[in-house]
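Please look over the sequence and the three-dimensional structure below before reading on. The paragraphs that follow lead through a choice of local features, one after another.

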Amino acid sequence: MDAVWVTYPTTAMSDEYQESMPDRVRRVGLDIEEIERYYRVSVSPQRHQRLRQFLSNELDSLFGLDFHQLSKQDQVDFLQLRNYLQRTTQQLQAERELNSQIEHIFPFSDIIVELSQAREAVKPLESSYLADQVNAVTKLAERAREDVIAGKIKSTKTGAFKASKVIAELRSHLEELKHFYSSYDPSFDWWVATPLKQAVNALQDHKAAVERHLVGIGPDGQDEIIGQPIGREALLVELEAEMIAYSPEELLDLAHDIFQWCEVQMKKASNELGFGDNWKRALDYVKTQFVPPGEQPAFAKSLALEGAAFVKKHDLVTVPRIADETYRANMMSAEMQKVAPFFLGGSGILIAYPLAGMEHDLKKMVLRGNNRHFSRATVFHELVPGHRLQHYYTARYNSHRNLFSTPFWMEGWALYWEMLLWNRGDFFVAPEDRVGTMFWRMHRCARIIFSLKFHLGAWTPRQCVDLLVDGVGHERSTAEGEVRRSFAGDYPPLYQAGYLLGALQFDRLRDEVLREKRFSEKQFHDSIMRGGIMTVEMIRAVFLGLPLSPDYKPQWRFYKKQA
């Protein structure tokens, strides 16, 4: 069925225009960007109200469409946009509630919001008034800092950590005043320059006090792993938005089941290496197989070429020449390796390896965590046929669906290839390589366990680190990096669970589609890439022609217990 074109009035003159579903998705994404760019201060009540209004209006408009007259592809976009708008509304409300719990830590926010919004609106303000307001910020920040040190201001660690980020953001908005007015308005320099400098310094000192006394970061700058559990109800909202028809508890059982299967595979490889069933001894041995300093970039390149050549040789997926030719490699900084202790990929690849300035023990741990056999199972994950191939296709095909970015598609696809190559039996042949790839499979099981346990409020970050070290065999430095990355606030709560769950979905869907012989394996993979970002249950609905409805809920039970 052809795409249905929708008309609705856009102005008071009732001018009409036609909007396809892809255009609607693009417009919604761009409009939200515009609103967030203009209402810049994250704790601004006006920002919250404007976004809530926009999301509500868009949901009403979406449900005004005749769903059953839409094509299958447009129905998928309808449901994904519905989920996006509903989840964003829920997240916005949760953020507002959290801010209300910690706003006593930054009592100067209303002043900065007012000044920032006046600047955005180019609203004339007397410089003497600006100076008074900025001076008031200084006094409030100094008083709040004293109360923090004296123990008069209370907060959870997670709340205080969020507050420290808000304080840093508010400081940056104050500094924008200087960049906007200074030198252009002589009265600003005369009135405001000195009070503004004092306010910026007071906010920096207050932020440091919050981190030291409320968060628990030591005076030596020692890193603390902090995160904000979202709770079971919010997890259920996230799972429904991602079209996952399982409860958190069912997913924990799933992860434990696969973990046990991985242990069996580990023991098989361990026996071949002469370590009997003691697979952790085999893992320790594999960790000693790293390349000498200076050789990791060339080694990563050789693995990238091997992975791409393998999928092309066996005609598994179309690899456009540009996708395979133009990516670049860079080395990670020591700071980045605190949150990304292995490879990262997308448009190119970032390579982790010890830096000369690292302490000796840390350097050895990073070496062990980036050994040859761990690397062989991850470089193609980051490049071809993994993230690099995704990056190429999503920029060129159904790019409007980039708004629906989900780890179940992004990370699930890349891990799916690790599973597919394992199942073939002709890629991970050597026992060392099988130990390496099973380490990663166990790691992805552990990600489900520790991320869900944390967000259910059952585990602390330290318990999450211990699972990776004691259960999977991580080096402690890489385990801390993984947990810090998971909970620092840059990734959604289901991100870590999305790797294995998405891969299981793709693997099950592959079996269903190839069993019906509707597509060749290559056609199956190419269709996924050209379809753009979708929850895997929606990809299944397209492949199998399953019926959809405007109130569709996830229902696919994709997991079969390991034999």
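Over the ring of which residue does the charged end of Arg447 sit? In this model, which is predicted, the charged end of Arg447 is placed over the ring of Tyr499, at 4.2 Å from the centre of that ring. A second arrangement of this kind involves Arg530, which lies over the face of Tyr397 at 5.8 Å from the ring centre.

Aromatic rings also meet one another, and the structure holds 31 aromatic pairs. Tyr392 and Tyr393 form an aromatic pair with 5.6 Å from centre to centre and 85 degrees between the planes, an edge-to-face arrangement. Tyr392 has 13% relative accessibility and therefore counts as buried, the cut-off being under 20%, and Tyr393, at 1% relative accessibility, counts as buried as well. Phe439 and Trp440 also form an edge-to-face pair, with 5.2 Å between the centres and 75 degrees between the planes, and both Phe439 and Trp440 are buried. Beyond these pairs, Phe310, Phe380, Phe427 and Phe428 form one aromatic cluster.

Turning to the packing of helices, one can begin with helix α1, residues 21–38, and helix α2, residues 45–63, which pack with their axes 10 Å apart and at an angle of about 170 degrees. Because angles over 145 degrees count as roughly antiparallel, α1 and α2 are described as roughly antiparallel to each other. On the side of α1 the contact is made by Met21, Arg24, Arg27, Val28, Asp31, Ile32, Ile35 and Glu36, while α2 contributes Arg47, Arg50, Leu51, Phe54, Leu55, Glu58, Ser61 and Leu62. Sorted by class, this contact of α1 with α2 comprises eight nonpolar, seven charged and one polar residue. As a general point that helps in reading such lists, an α-helix has 3.6 residues a turn, so residues three or four places apart point the same way.

Ile449 offers a view from within another helix, since Ile449 is found in α19, which spans residues 431–455. With a relative accessibility of 4%, Ile449 counts as buried. Leaving aside neighbours within four places in sequence, Ile449 is in contact with Leu252, Ala255, His256, Trp459 and Leu467. By contrast with those contacts, the C-alpha atoms of Ile449 and Met534, which are 85 residues apart along the chain, are separated by 24 Å.

How many of the nine residues of helix α24 are buried? Helix α24, residues 536–544, is mostly covered, with eight of its nine residues buried, namely Val536, Glu537, Met538, Ile539, Arg540, Ala541, Phe543 and Leu544. These buried residues pack against four helices: α3 (72–102), α18 (407–424), α22 (495–515) and α23 (521–531). Following α24 comes Gly545, whose phi is positive, near 65 degrees.

Helix α3, one of the partners of α24, is also the place of Gln75. At 8% relative accessibility Gln75 counts as buried, and, not counting residues up to four places away in sequence, Gln75 touches Phe67, His68, Leu70 and Leu548.

Some features of the backbone remain to be considered. In general, most residues other than glycine have a negative phi, and most peptide bonds are trans. Against that background, the peptide bond from Val384 to Pro385 is cis, with omega near 15 degrees, and Pro385 is found in the loop between α16 (379–382) and α17 (387–394).

Met243, although not a glycine, has a positive phi of about 60 degrees, and Met243 is found in the loop between α9 (232–241) and α10 (248–272). Lys517, likewise a residue other than glycine, has a positive phi near 55 degrees and is found in the loop between α22 and α23. Are Met243 and Lys517 buried or exposed? Met243 counts as buried because its relative accessibility is 2%, whereas Lys517, at 72% relative accessibility, counts as exposed.

Note on methods:
Residues are numbered from 1 along each chain as its sequence is written. This is a predicted model: local features need pLDDT of at least 70, side-chain atom pairs count only at pLDDT 80 or more; totals for chains, interfaces and linings use all residues. Side-chain values use heavy atoms; hydrogens and water are left out. Axes are lines fitted to C-alpha atoms, for helices over the stretch in contact, and angles run from 0 to 180 degrees between N-to-C directions. Helices (H or I, at least four residues) and strands (E, at least two) are DSSP runs, numbered from the N terminus. Angles under 35 degrees count as roughly parallel, over 145 as roughly antiparallel, 65 to 115 as roughly perpendicular and the rest as oblique. Contact means heavy atoms within 4.5 Å. Ala, Val, Leu, Ile, Met, Phe, Trp, Tyr, Cys and Pro count as nonpolar, Asp, Glu, Lys and Arg as charged, and the others, Gly among them, as polar. Rings of Phe, Tyr and Trp (its six-membered ring) pair if their centres lie within 6.5 Å; planes under 30 degrees apart count as stacked, over 60 as edge-to-face and the rest as tilted. Buried means under 20% relative accessible area, exposed over 50%, partly exposed in between (1.4 Å probe, protein chains only). A charge sits over a ring if NZ of Lys or CZ of Arg is within 6 Å of the ring centre and within 35 degrees of the ring normal.
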